[in-house]
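The exercises below are meant to be worked with the sequence and the coordinates open side by side. Try each task before reading its solution.

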Amino acid sequence: MSWKWSDNRGLKKRSKKMKKVVHITSVHQRYDTRIFQKECLSLKQAGYEVSLVVADGKGDETFEGIKIYDVGKEKNRIKRLLFTSKKVIEKARELNADIYHYHDPDLLIAARSLSLNAHLIFDSHEDFPALMLQRDYIPNILRKTLFRLAKRIEKKSARQMSGVVCATDNIRDKFLSYERVNAVTIKNYPRLEITENNTHKTEIKQPTACYVGGLTPIRGVKEMIIACKKAGVKLLLAGPFDSEEYFKQMQQMPEWNNVEYLGYVESTQVKEKVYDRANLGLVLLHKAPNHTLSIPIKQLEYMASGLPSISSKEVVFCKEVVEKENCGIVVNPLDTNEIAEAIKRIINNPLLAKEMSENAINAAKEKYNWQSQERELISLYKKLLKV
């Protein structure tokens, strides 16, 4: 399948009244925290007409003033890559936007077929080429080849974009190294309202730890289950398992009887269903190319919700923030004994837990909030549209 590549360098000058924006994703949920809850809502509040094209099979709707268009869901990964990308791009083209803002590496080539008169923004949530080195479903023999191919595609595509929005500074620096790329950092900090009216959880009867996110071996699921059992605390798990086979493996562990598995929880319900029921949050990402310099949103959401955290020393951001703000404990994510001792230290010391909780909330309010990043996003849009 081939896609027509076009050149956006000869864009027509836009009227100030033209503020139609379309966000596009072929893999993310419609209420995705970064895409919908932050970027789309912020742009809507700033006066833009915002639409979102998704492929989740839940149908069209208008929510919070944002029109959501659904092209249907393909469960097979290959079919999604071959067909869903084309469908979301075709739907987006019908909407005739001034800016198309897309969020998936799957669309790097496909998005180039959008209107010549529209600005294109690629939102790099993660280091896409680096993912090729750590995906379990990719045979080891193919990983380096796919890494080089992904980097070549990314570089060529980025040079023909109006802008690249990057979730971290290191991803931004990578795009800037490609030359002729307009790259900015929009960090995945939580909305400030998450931090309001959060206090240390002293009323919870059974000590509880939590984790929210994708459930894969490299994100420390097994270590969380074992460590929480050793520490004598309940574990709340929320998120999709990477595969049915891995889910069954975890269920067969003797420590699984200590887990309450909630499945996928909508971002609008995470606080009530998970964070408000927990005493602390876990961020036990293993060492991996795409983890070391990442900014895990869960770390920031724990802080904004007043949860002390047990965080991986392998993630630079987590280690620096936790130690600087004194809002948790840094551990070796592979050492379940060390993790269990850190959990017990927080659970068994209410004054320490309260101090960490207050430090976390204050840091989230003062530094790590979406409002600071929202300004950068809107500034980029204004520059592109010359308004």
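**Exercise 1.** Across which strands does α11 lie, and at about what angle does it run to β14?

Solution. Keep in mind throughout that the model is a predicted one. Begin with the sheet itself, which is open, has six strands in the order β11-β10-β9-β12-β13-β14, and is paired in the parallel sense. The edges are held by β11 (259-261) and β14, each with a single partner strand, so one side of each is left without a neighbour in the sheet. From one strand to the next the twist averages 25 degrees. Now place the helix: α11 lies across β12, β13 (309-312) and β14, and its direction makes an angle of about 170 degrees with β14. As a check on the register elsewhere in the sheet, find the five bridges through which β9 and β10 pair in the parallel sense, and note that Val212 stands opposite Ala238 in β10.

**Exercise 2.** Identify the residues with the most contacts inside the largest nonpolar core, and work out which elements supply that core.

Solution. The largest nonpolar core has 49 residues, and those with the most contacts inside it are Leu237, Leu282, Ile310 and Ile343. At least two residues each come from β9 (208-212), α6 (221-231), β10 (234-238), α7 (244-251), β12 (280-283), β14 (328-331), α11 (336-347) and α12 (350-366), and the largest share, seven residues, is that of α6. Next, take Ile310 and list its contacts, leaving out residues up to four places away in sequence; among them are Leu282, Val283, Ile329, Val331, Ile339 and Ile343. Finally, look for a second, separate core, which has 35 residues and includes Tyr100, Tyr102, Leu108 and Phe128. In general, nonpolar side chains tend to be buried together in soluble globular proteins.

**Exercise 3.** Determine how many residues of strand β6 are buried, and which strands pair with β6.

Solution. Count first: six of the six residues of β6 (residues 119-124) are buried, each having under 20% relative accessible area, so the strand is largely enclosed by the rest of the structure. Then sort the side chains by direction, with His119, Ile121 and Asp123 pointing one way and Leu120, Phe122 and Ser124 the other. Such alternation between the two faces of the sheet is what a regular strand shows. For the partners, β5 (residues 99-102) pairs with β6 in the parallel sense over four bridges, with Ile99 opposite His119. Strand β7 (residues 163-166) also pairs with β6 in the parallel sense over four bridges, and here Asp123 stands opposite Val165.

**Exercise 4.** Examine Glu64 and Arg180: what is the sign of phi at each, and is each residue buried or exposed?

Solution. Most residues other than glycine have a negative phi. Glu64, although not a glycine, has a positive phi of about 55 degrees, and it sits in the loop between β3 (61-63) and β4 (66-70). Its relative accessibility is 51%, and because exposed means over 50%, Glu64 counts as exposed. Arg180 has a positive phi near 60 degrees and belongs to the loop between α5 (169-177) and β8 (183-185). With 62% relative accessibility, Arg180 likewise counts as exposed.

**Exercise 5.** Decide how compact the protein is for its length.

Solution. The protein has 13 helices and 14 strands. Its radius of gyration is 21 Å, close to the 21 Å that the globule rule gives for 387 residues, so it is as compact as a globular protein of that length. Of those 387 residues, 55% count as buried.

Key. Residues are numbered from 1 along each chain as its sequence is written. This is a predicted model: local features need pLDDT of at least 70, side-chain atom pairs count only at pLDDT 80 or more; totals for chains, interfaces and linings use all residues. Side-chain values use heavy atoms; hydrogens and water are left out. Buried means under 20% relative accessible area, exposed over 50%, partly exposed in between (1.4 Å probe, protein chains only). A nonpolar core is a set of buried Ala, Val, Leu, Ile, Met, Phe, Trp, Tyr and Cys residues joined through side-chain atoms within 4.5 Å. Contact means heavy atoms within 4.5 Å. Two strands pair if DSSP finds at least two bridges between them. Axes are lines fitted to C-alpha atoms, for helices over the stretch in contact, and angles run from 0 to 180 degrees between N-to-C directions. The radius of gyration is taken over C-alpha atoms; the globule rule is 2.2 Å times the number of residues to the power 0.38.
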